[in-house]
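Got your viewer open? Let's take a walk through this protein, one selection at a time.

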Amino acid sequence: MSVEILDGSTVRSFVEDEGAFNSSVDGRFAALDADHDGLLTYAEMAGELMSLRVLEKHFGVDEAAVAPDELAGLYRSLFARFDRDGSGMVDRHEFRAEMKEVMLAVANGLGFLPVQMVVEEGSFLKVAVDRELGQLAKAA
């Protein structure tokens, strides 16, 4: 993990750079595709979905008041967002499309004022920050 400064334009420009974005997303897709069949099952994506910590309240712990079956249903709903054709599997194009929507939503949420945040190594946010820093170094 590292502390980085970013804003919505950092994330937005990463998403708009189709080559960089698709390469990063395709790398994550390949890492999740345990059986290398070009499709992600819920089981293959479950760990990634749970790492989103959608109900995080206190220092990396999901809200304990939520029943386990309710939390499982929430993660199934997230998987369904990726599975756009309802086949029960997520292909590379579905994964790219949903990740693009997610990242653009993050960009909109960040807005135009820089914020300091902790990002995980290898995360899409870290890749976006590193890309921007690389471009600034080239311009200097």
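What covers the buried residues of H6? Let's get our bearings before answering that one.

**Ground rules**

You're looking at a predicted model, where local features need pLDDT of at least 70, side-chain atom pairs count only at pLDDT 80 or more, and totals for chains, interfaces and linings use all residues. Numbering starts from 1 along each chain as its sequence is written, and side-chain values use heavy atoms, leaving out hydrogens and water.

**The whole chain**

Switch on the cartoon view. The protein has 6 helices and 6 strands; these are DSSP runs numbered from the N terminus, with helices being H or I over at least four residues and strands being E over at least two. Walking along the sequence, you'll pass them in the order β-α-α-β-α-β-β-α-β-α-β-α.

Of the 140 residues, 32% are buried. Here buried means under 20% relative accessible area, exposed means over 50%, and partly exposed is in between, using a 1.4 Å probe and protein chains only. A contact means heavy atoms within 4.5 Å. Among contacts with a separation of 6 or more, 65% join residues 24 or more positions apart.

**Stop 1: helix H6**

Select residues 124-139, which is helix H6. Now for that opening question: the cover over the buried residues of H6 includes strand S1 (2-6), H1, H2, H5 and strand S6 (115-119). The buried residues themselves are Phe124, Leu125, Lys126, Ala128, Val129 and Arg131.

Try the distance tool on the two end C-alpha atoms of H6: they are 23 Å apart, which agrees with the 22 Å that its 16 residues should span at 1.5 Å a residue. The expected span is 1.5 Å times one less than the number of residues.

Just before this helix, click Ser123, in the loop between S6 and H6. Ser123 counts as buried, at 17% relative accessibility. Its side chain reaches the backbone oxygen of Glu120 at 2.8 Å.

**Stop 2: H1 against H6**

Add helix H1 (8-16) to your selection. H1 and H6 pack at an angle of about 90 degrees, with axes 9 Å apart. That makes H1 roughly perpendicular to H6. The axes are lines fitted to C-alpha atoms, for helices over the stretch in contact, and angles run from 0 to 180 degrees between N-to-C directions. Under 35 degrees counts as roughly parallel, over 145 as roughly antiparallel, 65 to 115 as roughly perpendicular, and the rest as oblique.

Show side chains here: Thr10, Val11, Ser13 and Phe14 of H1 meet H6 residues including Phe124, Leu125 and Ala128.

**Stop 3: the core**

Which residues have the most contacts inside the largest nonpolar core? They're Val11, Met45 and Phe95, in a core of 28 residues. A nonpolar core is a set of buried Ala, Val, Leu, Ile, Met, Phe, Trp, Tyr and Cys residues joined through side-chain atoms within 4.5 Å. The largest share, 5 residues, comes from H5.

Zoom in on Val11. Beyond its neighbours within four places in sequence, Val11 is in contact with Leu6, Met103, Ala107, Leu110, Leu125 and Ala128.

**Stop 4: Phe21**

Next, click Phe21 in helix H2. Is Phe21 buried or exposed? Phe21 is buried, with a relative accessible area of 2%. Leaving out residues up to four places away in sequence, Phe21 touches Phe14, Val15, Arg96, Met99, Lys100 and Met103. Check Phe124 too: Phe21 and Phe124 are 103 residues apart along the chain, with C-alpha atoms separated by 8.5 Å.

**Stop 5: Glu4**

Jump to Glu4 in strand S1. Glu4 is buried, at a relative accessible area of 12%. The Glu4 side chain makes polar contacts with two side chains: that of Ser2 (2.7 Å) and that of Lys126 (2.8 Å). A polar contact is a pair of N or O atoms within 3.5 Å; within protein, one must be able to donate a hydrogen and the other to accept it, and residues adjacent in sequence count only if both atoms are side-chain atoms.

**Last stop: His36**

Finally, find His36 in the loop between H2 and strand S2 (39-40). His36 counts as exposed, at 65% relative accessibility. Check its phi: near 55 degrees, a positive value in a residue other than glycine. Most residues other than glycine have a negative phi.
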